[in-house]
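Let's take a friendly walk through a protein structure, one topic at a time. Have a look at the picture, and then read on.

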Amino acid sequence: MERRDCPIGYRSYIWGDTDTIDAVAQQTGVTPEDIQAANPDINFGDIGAGALICIPAPTGAPDTEAEFIVAPADEDRVPDILQTCPPNYQTYFWATGDTPASVARRFGISEAALRAANPGKNLNRLGMGAILCIPPRGGAPAGDCPPGSTSYFWAIGDTLMGVALRHGVTMQQIREANPNINFDQIGMGAIVCIPQRRPQCTDGVLHQVRRGETISSIARAHGVTAGEIMDRNPYVDPNDLQVGMLLCVPLAPPRPAPTPVPVPPPPTPGFSCPPGYTPGTVRYGETYGDILVRYNVSYQAFRLSNPNLNLDRLVPGQRYCVPPMGSRGLCAPGANSYVIAQGENLLTVAARFNTTPGALLRLNANLAPGDFVPGRVICV
């Protein structure tokens with residue numbers, strides 16, 4: 001998409017999430033018809049947040065140099081048109097029909113790399129004309145990362161300690177794998193090689209990832225499930241396998257077997273759950289909302305069963321206990337009630353109120369994901 005330049009005397013306006021053409025016209029002192037005439041190529045019935053439009057000067061106003069104005073709801077946001085990308089990155093203007101996956105494929109990068117290069121942006125809710133930074137293809141700047149290691153794109157807010165904890169390695173291991181990087185002055189978008197955390201595999205076999213393999217194909221080859229492999233490799237991103245990476249694959253059950261029985265994860269020394277509770281392991285990228293949905297338990301029941309677990313800072317490899325079904329109750333002060341309509345569930349209600357399933361489960365701490373059914377009164 002070409003960058004839009006407005007004529008002299010016009011103002012460039014960044015469209016906000018809640019804008020309407022009538023509200024923008026009233027705010028800028030012109031009519032809706034004036035705005036439509038100044039932007040003949042824009043469909044105002046299908047315009048998205050972040051789109052750039054031209055606003056004509058009010059009748060009788062003197063000509064002035066073009067200026068930027070931003071929707072009131074976005075006053076603290078820097079307009080996308082002013083954004084600059086790091087050196088060696090490409091600038092891309094979001095177009096109608098784009099998705100994170102399609103843009104990543106177009107530039108030959110992973111979707112994870114695209115998201116890491118654009119921190120603070122919700123790539124699932126971009127408006128037409130929004131600007132993305134496209135990172136360069138390939139491995140680390142000084143060459144490809146060693147076999148088995150992972151290329152990681154440094155994001156705003158990252159720290160060496162935080163990245164090390166997230167990937168289950170030490171800070172010293174990351175420094176040794178990246179001798180040419182000064183981590184005291186590293187910038188957004190720098191490519192860092194993350195050495196693999198060698199998995200402990202006492203009840204399975206080590207599998208070295210080959211080109212073209214996926215978690216599912218490896219599971220099929222060994223006669224186990226993808227979930228069983230992820231339970232033993234919680235620090236691995238299943239969507240970003242690297243050639244040479246080592247995975248611990250559990251042994252397949254004996255054949256013939258009447259019913260395949262999943263092999264439980266190796267027990268953590270000193271870790272046990274109460275009778276009737278199910279032990280679990282945090283997987284790569286999982287949030288507490290994912291765990292609540294997987295086991296169909298309430299936030300309150302899960303939190304009380306794991307008092308030493310920080311649900312907002314889960315780390316791959318942490319163990320937890322899954323309780324039986326939780327209890328039920330009323331909205332907290334300041335929250336509104338909502339009756340779930342026919343055909344709605346936890347995911348669709350979360351999308352309706354522009355929030356996440358995890359946030360709804362926390363607000364309704366006494367409800368499990370399966371309780372979000374038509375006719376149920378919930379807090380939003």
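## Salt bridges

Seven salt bridges are present in the structure. Please keep in mind that this is a predicted model.

Let's start with D231 and R283, whose side chains come together in a salt bridge with an N to O distance of 3.1 Å. Where do D231 and R283 lie? D231 is in helix α8 (residues 226-232), while R283 is in the loop between β10 (278-281) and α9 (288-295), so this pair ties together parts that are 52 residues apart in sequence.

## Two more charged pairs

The side chains of D312 and R362 also form a salt bridge, at 3.0 Å from N to O. This pair links distant parts of the chain: D312 is in the loop between α10 (299-305) and β11 (319-322), R362 is in helix α12 (residues 357-363), and the two are 50 residues apart. Is D312 buried or exposed? With a relative accessibility of 53%, D312 counts as exposed, because the cut-off for exposed is over 50%. Its partner R362 has a relative accessible area of 33% and is partly exposed.

Another salt bridge joins E286 to R294, and their closest N and O atoms are 2.1 Å apart. E286 is buried, at 14% relative accessible area, because buried means under 20%. R294, on the other hand, counts as partly exposed at 33% relative accessibility.

## The disulfide

How many disulfides does the count come to? The count comes to one disulfide. This disulfide joins C201 to C248, with an S to S distance of 2.2 Å. The pair links distant parts of the chain, 47 residues apart: C201 is in the loop between β7 (191-194) and β8 (204-208), and C248 is in strand β9 (residues 246-250).

There is a handedness to look at here too. The torsion about the S-S bond of C201 and C248 is about 80°, so the disulfide is right-handed. C248 is buried, with just 1% relative accessible area.

## A nonpolar patch and a helix residue

Now turn to the surface. Which residues form a nonpolar patch there? They are M161, L165 and M171, and together they have about 290 Å² of accessible area. One of these residues, M161, is found in helix α5 (residues 160-167).

Helix α6 (residues 171-177) contains Q173. This residue is partly exposed, as Q173 has a relative accessible area of 36%. Try finding Q173 and I194 in the picture: they are 21 residues apart in sequence, and their C-alpha atoms are 8.2 Å apart in space.

## The whole protein

Finally, let's step back. The protein has twelve helices and 13 strands. It has 380 residues, and buried residues make up 42% of them. The accessible surface comes to about 20,900 Å², and carbon and sulfur atoms account for 52% of that surface.

What share of the contacts with a separation of 6 or more comes from residues 24 or more positions apart? Such residues account for 68% of those contacts in the protein. The disulfide between C201 and C248 and the salt bridge between D231 and R283 are good places to begin when you explore the structure yourself.

Definitions and conventions. Residues are numbered from 1 along each chain as its sequence is written. This is a predicted model: local features need pLDDT of at least 70, side-chain atom pairs count only at pLDDT 80 or more; totals for chains, interfaces and linings use all residues. Side-chain values use heavy atoms; hydrogens and water are left out. Helices (H or I, at least four residues) and strands (E, at least two) are DSSP runs, numbered from the N terminus. Buried means under 20% relative accessible area, exposed over 50%, partly exposed in between (1.4 Å probe, protein chains only). Patches are made of residues with over 30% relative accessible area and no salt bridge: like charges are joined within 9 Å, nonpolar side chains (Val, Leu, Ile, Met, Phe, Trp, Tyr) within 5 Å. Accessible areas come from the Shrake-Rupley method with a 1.4 Å probe; for residues, only the protein chains shown count as cover. A salt bridge is a side-chain nitrogen of Lys or Arg within 4 Å of a carboxyl oxygen of Asp or Glu. Contact means heavy atoms within 4.5 Å. A disulfide is a pair of cysteine sulfur atoms within 2.5 Å.
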